[in-house]
Structures are given as structure tokens and as C-alpha cells.
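Q: Could you take a close look at how the helices pack in this one? I'd like a residue-level walk through a single part, and then whatever helps put that part in context.

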Amino acid sequence: MSAAADSLIPNSRREARLIQLRIGLRRVLRNPSTLVGGILVLLLLVMAALAPLLATHDPMAQSLVDRLTPPGAQHWLGTDQLGRDIYSRLLYGAQPTLMIVILVIAFSAPLGLIIGMVAGYMGGWVESALMRLTDIFMAFPRLILALALVSALKPGLTNAVIAIAITAWPSYARLARAETLALRHADFVEAARGLGQTGTRIVIGQILPLCLSSAAIRATLDMAGIILTAAGLGFLGLGAQPPMAEWGAMIGTGRDHIFDAWWVAAVPGIAILLVSLGFNLLGDGLRDVLDPKHHD
């Protein structure tokens, strides 16, 4: 029966989506801001993957003789208050940043999609209960809620990932609910229901694939917020713990030297700014590609 239901989806619809994808890709390639965003995100990936090869010093090595050395030939981006090379720590700091983004999205996006699709498809008291739970989480600013959760658990990178993920799923739930409400009475869904497919099969087989493009756009745009939240936790000492190199923690250790050694805090701050900008620009480009309702 599932094969018969799937065959009800006309091939012309799939062909139309392929045509829209090609049009969107051409639009992205002609959009300089999207290309810049892709380059910045690619730079983050290269930094995280090739940090051991690109680093000029051991990121953990301390040298009090070289403490607060300004940028120069020996230390390209200077050193911090313990004499550690900032360039090398910047490269290694990309690893926990990228790991946090991947783990948070991998947890929060599926959870939010499941909750939103169940709420949208079931309706009634199930929808009301799930959406009120979503509203409770969205009522608190993400950083404040993450701070409370990490404080209740224990400062550390793992607990920071858990806290951020718990605060990130509501946006996906609302998105999936809206998509499901628009699709649950569509012709192909009614046909699948008439052929005897269960609600679970309809949600997973028919509705979920049509929600993925919007979720991908949401995830890309959400990555900048995840990075900023993680950096905020690291800045307050609740994220990655010393001596691990993490951009937010690097800013936190450099705040006492902002006037006499500006590079200690400015370098990781600029890195966070550029990477966040890159994800936002890339998210705008993905919206052009994957969202047929979006027009320039």
C-alpha cells in the first residue's frame, strides 16, 4: 500500500522541485554575500580539521617570558597572559565551536521536528499540550535558560551542549507544526490515509520530507545563535574548561587586558563575528535555494 501511496505523488512535482533547485543554485552563485558566507563557513571547517597542521605552536604551552607579546613574526596573533600562542589557540578553538554546533543541531532539530509534526498532525489536546510546552521554553531568552541549566548541572563542554540543545528545539517545533498544519489535509495525505496508512507512516513518509528544506534553512540560520550562546557560556566560565582552547573562554581570559593587550580578546571576538556572519549569509542563500516561496 505504501508503494501505491507514494506513486500518487506526481513526477511533475519532483521535476518542478529540481527545476527550482537549479534556479536557486544559479541565484546563489550570482549572490556575492552567499559566496562570502560559504567561504567563511568553509574556513571554519578547515581550521577545525587542519588545526594540528596549521598551528605554529602547542596551544597549551605556556611561556611567562613571552606573555602578552603583541602580534609579530614569532607569534602571528600575539600571546595571552600565560604566553600561549593565540594563533594556535584560535585554530584549536574552532574544534569545540564546530562540535557544539553539530551536536546541538543533531539533537535539537530532530526533537523539534518530531514534536512539531506530532502536534500539527494530531491536533486537539495533544497539540495544545505540546505547543504550551514549546511556549514555556521560548518565553526565556536562550542564553539565560542555558545559564540556568548549566549551573544546575555542572560547568563543562558536555553540559553546555546539553543546555544549548534543550533551548534550541522550540523553533523547529513551531516550524514543523506550521508545515504539518498546511499539509495534513493535502490530497496526497488524504490518499495515503484512505489507503490505510497509519499516522506514523504518513508523518514520516509524506510530511517529514517536505519539512526538511525549511528545517535545513532554520538550522543554518540558527548556527550563529548557537555559536554566540556557546561563546557566552565560555566567557562566563560555564562552557569549555581550561586549558581547552575555546573562543568564548579566550575572550573571558582576555577581558582584563583589553586596554594593554587588545589582541587577546579581540582576535577570538573577530573570529566569532566572522563565523556567525558566515552562517547567516549562508542561511540566506539556502533559503533562496530550498524555499520556493522566497523571492528576492
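A: Sure, with the reminder that this is a predicted model. Let's start with the pair α7 and α8. Helix α7 covers residues 142–152 and helix α8 covers residues 157–183; the two pack at an angle of about 135°, with their axes 9 Å apart. Angles over 145 degrees would count as roughly antiparallel and 65 to 115 as roughly perpendicular, so α7 and α8 come out as oblique to each other. As for handedness, α7 passes α8 in a right-handed crossing.

Now the side chains. From α7, the residues taking part are Arg-142, Leu-145, Ala-146, Leu-149 and Val-150, and across from them in α8 sit Asn-159, Ala-160, Ala-163, Ile-166, Thr-167 and Ala-168. Sorted by class, that contact has 8 nonpolar, 2 polar and 1 charged residues.

Moving along the chain, we get to α9, residues 187–194, where Phe-188, Val-189 and Ala-192 are buried. Look down the axis of α9 and its buried residues fall within an arc of 100°, so they line one face of the helix. Asp-187 and Gly-194, on the other side of α9, are exposed. Just after α9 there's a backbone detail to check: Gly-196 takes a positive phi of about 95°.

Next up is another helix pair, α10 (residues 199–235) and α11 (residues 247–254). Their axes come within 7 Å and cross at roughly 40°. That makes α10 and α11 oblique to each other too, because the roughly parallel class needs an angle under 35 degrees. Here α10 passes α11 in a right-handed crossing. The α10 side brings Ala-231, Gly-234 and Phe-235, which meet Gly-248, Ala-249, Ile-251 and Gly-252 of α11. By class, this contact has 4 nonpolar, 3 polar and no charged residues.

Finally, for a single-residue view, go back to α5, residues 86–122, and pick out Leu-91. Its relative accessibility is 4%, so Leu-91 counts as buried. What does Leu-91 touch, leaving aside its neighbours within four places in sequence? The contacts are Met-47, Ala-51, Leu-54 and Ala-55. Take Ala-55: it lies 36 residues from Leu-91 along the chain, yet the two C-alpha atoms are separated by 6.8 Å.

Note on methods
Residues numbered from 1 in each chain as written. Predicted model: local features only at pLDDT ≥ 70, side-chain atom pairs only at ≥ 80, totals over all residues. Heavy atoms only, no water. Buried < 20%, exposed > 50% of the residue type's maximum accessible area, 1.4 Å probe, protein only. Helix = DSSP H or I, 4+ residues; strand = E, 2+ residues; numbered from the N terminus. Arc of directions from axis to C-beta. Axes fitted to C-alpha atoms, helices over the stretch in contact; angles between N-to-C directions. Left-handed = near helix turned anticlockwise from the far one by under 90°. Contact = heavy atoms within 4.5 Å. Nonpolar A, V, L, I, M, F, W, Y, C, P; charged D, E, K, R; others polar.
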